[in-house]
Amino acid sequence: MSIFPTRILLATDGSGEAELATRTAVDLARMSDSELHVIHVMDAAPSPALIYPEATDPEGVELPDPILQQDLARRAEQLGRQILDAEAERVSSAGGTVAQTHLAMGDTPREIVHLAEDLEAGLVVMGSRGRGGIRRALMGSVSDSVVRHAHCPVLIVRA
């Protein structure tokens, strides 16, 4: 049994903060001969009624438009795939190899923690968004939640 992880999960949101986390994860994966997995989590798709308020009946009940919902889901998935493809390219540029990319939709910290458990990851690497003050107190942060709930060590990379 090694003290080094055999699988590293890199959580990314495609931001500038995530770039340093990517380089760090690649270096750790190379040094420890670990698989590198990448996850991007998207929030649930917005309701069409929020975008098209006229999509309600006179009683105020939302009437879902299946075609619009499918289109929103398709566009969200395309955007998520673009972010994952860009991240895989960053990993490759930094000299690493992505074992697998994972696109999830839902509560970001929960999805990261669940995938880390499913993969039996030995380490989660992610960037810090650096929320401060009142906003962080009210909303918390993804990294804080992952640290509190993950079954394995979590490395938060700050610029």
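Helices here are DSSP runs of H or I with at least four residues, and strands are runs of E with at least two, both numbered from the N terminus. Keep in mind that this is a predicted model: local features need pLDDT of at least 70, side-chain atom pairs count only at pLDDT 80 or more, and totals for chains, interfaces and linings use all residues. Residues are numbered from 1 along each chain as its sequence is written, and side-chain values use heavy atoms, with hydrogens and water left out.

**Whole chain.** Start with a cartoon of everything. You'll find 6 helices and 5 strands, running β-α-β-α-α-β-α-β-α-α-β from the N terminus. Of the 159 residues, 36% are buried (under 20% relative accessible area with a 1.4 Å probe, protein chains only; exposed is over 50%, partly exposed in between).

**The sheet.** Now select the strands. They make an open, parallel sheet of 5 strands, ordered S3-S2-S1-S4-S5, where pairing takes at least two DSSP bridges between two strands. S3 and S5 (154-157) are the edge strands, each pairing on one side only. Zoom in on S1 and S2: 5 bridges join these parallel strands, and one to show is Ile8 with its partner Leu36 in S2.

**Helix H4.** H4 packs on that sheet, touching S1, S2, S3 and S4, and its direction makes about 155 degrees with that of S2. Touching, or contact, means heavy atoms within 4.5 Å; the angle, on a scale from 0 to 180 degrees, is between N-to-C directions of axes fitted to C-alpha atoms, for helices over the stretch in contact. Select residues 108-119 to get H4 itself. Next, colour its buried residues: Thr108, Pro109, Ile112, Val113, Leu115, Ala116 and Leu119. They sit on the same side of H4, because they cover an arc of only 165 degrees around the axis, taken from the directions from the axis to the C-beta atoms. Their cover includes strands S1 (7-11), S2 (35-42), S3 (100-105) and S4 (123-127), plus helix H6 (142-149). Spin round to the face turned away from the buried side and you'll meet exposed Arg110 and Asp118. Just after H4 comes Glu120, with a positive phi near 55 degrees.

**Ala29.** Last stop: click Ala29 in helix H1 (residues 16-32). Is Ala29 buried or exposed? Ala29 is buried, at a relative accessible area of 9%. Leaving out residues up to four places away in sequence, Ala29 touches Ile8, Ser34 and Leu36. Try a distance to Pro5 too: 24 residues apart in sequence, Ala29 and Pro5 are 8.3 Å apart, C-alpha to C-alpha.

Conventions
The expected span of a helix is 1.5 Å times one less than its number of residues.
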